[in-house]
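Hi,

Here is the structure I promised to pass on. Have a look at it first, and my notes follow underneath.

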Protein chains: 2
Amino acid sequence: MSMETKFRYARASAPATVANVGPAFDVLGFALSAPSDEVEISLRDDGRVVMKGITGDNGRLSLDAEKNTASVAVLHYLKRINSTQGVEITLHKKLPLGSGMGSSAASAAAALAAVNALFGEPFTREELVASGMEGERVACGTPHADNVGPSIVGGFLLIRSYKPLDVVKLPTPSGLYCTVINPAVEVRTEEARRILPREVPLADAVTQFGNIAGLIAALLTSDLALLSRSLTDVLVEPRRSSLIPGFDEAVEAAKSAGALNCNISGSGPSLFAFSTSQSDAEAIGTAMEKAFQCEGLESRWYASAVDGMGASVQEVR
Amino acid sequence: MSMETKFRYARASAPATVANVGPAFDVLGFALSAPSDEVEISLRDDGRVVMKGITGDNGRLSLDAEKNTASVAVLHYLKRINSTQGVEITLHKKLPLGSGMGSSAASAAAALAAVNALFGEPFTREELVASGMEGERVACGTPHADNVGPSIVGGFLLIRSYKPLDVVKLPTPSGLYCTVINPAVEVRTEEARRILPREVPLADAVTQFGNIAGLIAALLTSDLALLSRSLTDVLVEPRRSSLIPGFDEAVEAAKSAGALNCNISGSGPSLFAFSTSQSDAEAIGTAMEKAFQCEGLESRWYASAVDGMGASVQEVR
């Protein structure tokens with residue numbers, strides 16, 4: 001059985017995401033409401049998948065359909081629905097590359113939302129995650145889901161298990177805002193990985209267990225004081241923070257400006273900080289920017305509500 | 001400032017508990033509704049704390065007030081309220097000793113509920129946990145809170161942190177039942193501890209993170225399918241289960257009889273299994289009892305609702 005569509009064009013966007021949320025290393029991510037990558041997809045009857053163009057990347061991303069995260073996700077998707085039709089993809093990059101804000105994931109998520117709309121939404125959002133992971137495989141070497149999952153599904157997404165894949169959407173506490181700041185320092189993914197310990201003391205793992213449990217309970221009960229106390233990572237962040245000049249000062253600045261807490265976003269160098277209003281989120285951005293300036297680092301920050309939205313389809317025709 | 005009371009006598013009980021709930025090693029425990037230890041406390045104006053008597057222990061527990069878990073907890077409590085009055089304590093043991101069902105914790109919890117009632121409830125239930133931990137220190141060598149906490153407070157209790165102590169009561173899903181079975185095999189606490197790894201692979205810790213997050217989300221959303229999938233411990237149970245003959249067979253029997261899952265209770269040898277009705281909980285007990293019989297082991301099981309109640313005061317005068 002193969003699936004054909006009557007539509008010719010779809011356009012969708014998908015937002016930046018924060019993975020490795022405090023103690024919840026590799027198992028929890030959430031979607032911001034901005035910035036978002038945008039993807040346009042047009043049907044090709046010759047069955048081929050082509051990267052037609054990319055804007056906003058300064059020529060850094062590949063137009064080879066086997067190498068670009070958006071097209072690789074779409075190739076996986078089309079195979080799953082057994083399509084005889086192909087597509088051409090135009091990607092409009094709005095997210096900074098290599099920032100720890102889920103840039104590759106947002107491109108794949110937007111492409112999948114668009115192609116799923118093009119084919120009449122045969123898959124649920126959760127079902128798209130497996131195809132998004134294939135995009136992450138070419139982008140990062142491992143098919144992780146903690147960015148692409150929330151970028152597609154929205155809100156806080158728990159990756160309970162990979163074998164089998166089991167993703168659980170958690171309710172988003174109301175009134176939660178997030179600042180993400182991207183300082184102009186490169187953290188190479190290989191270095192961020194190499195610095196991870198292979199083994200960890202059981203006692204430290206137990207400390208992490210308590211904080212993960214506290215974090216999940218806080219999200220589900222909208223207990224922001226508990227959220228603040230639980231956002232502590234004793235296993236990974238103490239190592240990775242050494243790769244980010246001014247980390248301690250930026251965290252301190254965020255807290256002084258009213259942040260519930262402040263942690264590394266993904267594998268860095270971006271940091272994220274929760275707060276309870278848009279104005280606090282903006283004040284936190286300004287305070288962290290100043291802290292990084294004292295280290296001689298320029299940075300760019302984004303402040304937005306954590307609103308539970310993920311990828312969205314703007315147009316299908 | 002010292003506190004005096006007009007009451008002369010109080011009687012309270014506190015239930016068995018399950019700690020190390022699936023993946024949530026050392027950070028989560030919950031209260032059963034039965035069996036319960038009972039404690040009677042009478043005021044002594046001479047300021048001394050005395051263990052007057054113990055029933056149901058076959059003479060195995062100490063009457064030395066510095067060594068019994070109930071009196072040690074009470075001594076800590078009286079010091080905190082700066083009391084000039086003392087008490088004498090009678091302990092009625094209903095829980096099996098050394099079973100992994102929180103026997104020492106139930107005695108301390110009942111004693112604390114009684115003495116707190118005697119002095120007019122100056123402390124909340126959560127505030128009593130710190131004194132209960134002192135009882136656990138003499139009973140087990142470490143002042144852990146994951147049995148005594150839920151035995152006092154009731155329901156599911158998260159021990160997010162010890163430094164500082166931070167306990168969080170989680171909502172109990174409605175319609176949840178539990179079978180606990182205590183096979184007649186001794187697991188010495190030292191052996192159960194010695195067998196623990198000092199270090200664990202980060203990859204296994206991450207598997208545990210996902211299951212802990214899933215477990216907490218399941219409890220807070222009453223998602224029993226997620227609860228079932230999340231009750232997997234890849235770090236500790238694979239080692240400790242080797243100390244329990246017939247473990248695999250008993251787990252299989254529990255699942256075949258309708259259990260959501262089945263894990264070691266505390267450090268064993270008891271096992272616990274969740275289900276969704278009293279009749280299922282009883283059928284699971286019978287099935288596990290048969291499985292242990294095939295290994296030549298007698299056992300005793302308890303089936304009850306997980307009802308969110310902890311220690312309760314029966315009388316104060």
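In chain A, β5(A) and β6(A) run antiparallel and are joined by 6 bridges. The link between β5(A) and β6(A) is a hairpin with 2 residues. If you want a pair to find your way by, take A:L157, whose bridge partner in β6(A) is A:K169. Do keep in mind throughout that this is a predicted model.

Both of those strands also turn up at the interface, so to speak, and that is where I went next. Chain A puts 34 residues in contact with 34 residues of chain B. On the chain A side, the elements that supply at least two residues each are β2 (24–44), β5 (156–162), β6 (165–170), β8 (199–201), α6 (202–221) and α7 (224–230). The largest share comes from α6(A), with 13 residues. By class, the side of chain A that touches chain B has 22 nonpolar, 6 polar and 6 charged residues.

What does α6(A) meet across the interface? Its partner is α6(B): A:A205, A:F209, A:I212, A:A213, A:I216, A:A217, A:L220 and A:T221 meet B:A205, B:F209, B:I212, B:A213, B:I216, B:A217, B:L220 and B:T221. That contact has 14 nonpolar and 2 polar residues, and no charged ones. The axes of α6(A) and α6(B) come within 9 Å and cross at roughly 35 degrees, and the crossing is right-handed.

A few more things about α6(A) itself. Of its 20 residues, 15 are buried, so α6(A) is mostly covered. Its end C-alpha atoms are 28 Å apart, which agrees with the 28 Å that 20 residues should span at 1.5 Å a residue. Just after α6(A) comes A:S222, with a positive phi near 50 degrees.

The two chains also share strand pairing. β8(A) is joined by 3 bridges to β8 (residues 199–201) of chain B, and the two run antiparallel. Within that pairing, A:E199 stands opposite B:P201.

Over in chain B, the strand I would look at is β2(B), residues 24–44. Is it mainly enclosed or open? It is largely enclosed by the rest of the structure, because 15 of its 21 residues are buried. Its pairings in chain B are these:

- β1(B), residues 9–21, runs antiparallel to β2(B) and is joined to it by 11 bridges; B:R11 stands opposite B:E40.
- β4(B), residues 86–92, is joined to β2(B) by 7 bridges, again antiparallel; here B:L43 stands opposite B:V87.
- β5(B), residues 156–162, is joined to β2(B) by 3 bridges, also antiparallel; B:G29 stands opposite B:L157.

The hairpin of β1(B) and β2(B) has 2 residues between the strands, and in it B:G22 takes a positive phi near 55 degrees.

Back in chain A, there is an open sheet of 4 strands in the order β9-β10-β7-β11, with antiparallel pairing. β9 (261–264) and β11 of chain A are the edge strands, each pairing on one side only. On average, neighbouring strands of this sheet are turned by 20 degrees against each other, direction ignored. Between β7(A) and β11(A) there are 7 bridges in the antiparallel sense, and A:Y177 stands opposite A:A305 in β11(A).

Which helix lies across β7, β10 and β11 of chain A? That is α10(A), which runs at about 20 degrees to β7(A). The helix covers residues 278–294, 17 in number, and reaches 25 Å from its first C-alpha to its last, close to the 24 Å expected at 1.5 Å a residue. The buried residues in α10(A) are A:A281, A:I284, A:G285, A:A287, A:M288, A:A291 and A:F292. They pack against β7 (177–183), α9 (247–256), β10 (271–275) and β11 (299–305) of chain A. After α10(A) comes A:G296, where phi is positive, near 80 degrees.

If you open just one view, I would go for α6(A) against α6(B), with 14 nonpolar residues and no charged ones in the contact.

Cheers

Key:
Residues are numbered from 1 along each chain as its sequence is written. Chains are lettered from A and ligands numbered from 1 in the order in which they are written. This is a predicted model: local features need pLDDT of at least 70, side-chain atom pairs count only at pLDDT 80 or more; totals for chains, interfaces and linings use all residues. Two residues are in contact if their C-beta atoms, placed from the backbone, lie within 7 Å. Ala, Val, Leu, Ile, Met, Phe, Trp, Tyr, Cys and Pro count as nonpolar, Asp, Glu, Lys and Arg as charged, and the others, Gly among them, as polar. Two strands pair if DSSP finds at least two bridges between them. A residue is buried if 20 or more other C-beta atoms lie within 10 Å of its own, exposed if 12 or fewer, and partly exposed in between; C-beta atoms are placed from the backbone. The expected span of a helix is 1.5 Å times one less than its number of residues. Axes are lines fitted to C-alpha atoms, for helices over the stretch in contact, and angles run from 0 to 180 degrees between N-to-C directions. A crossing is left-handed if the near helix is turned anticlockwise from the far one by less than a right angle, and right-handed if clockwise.
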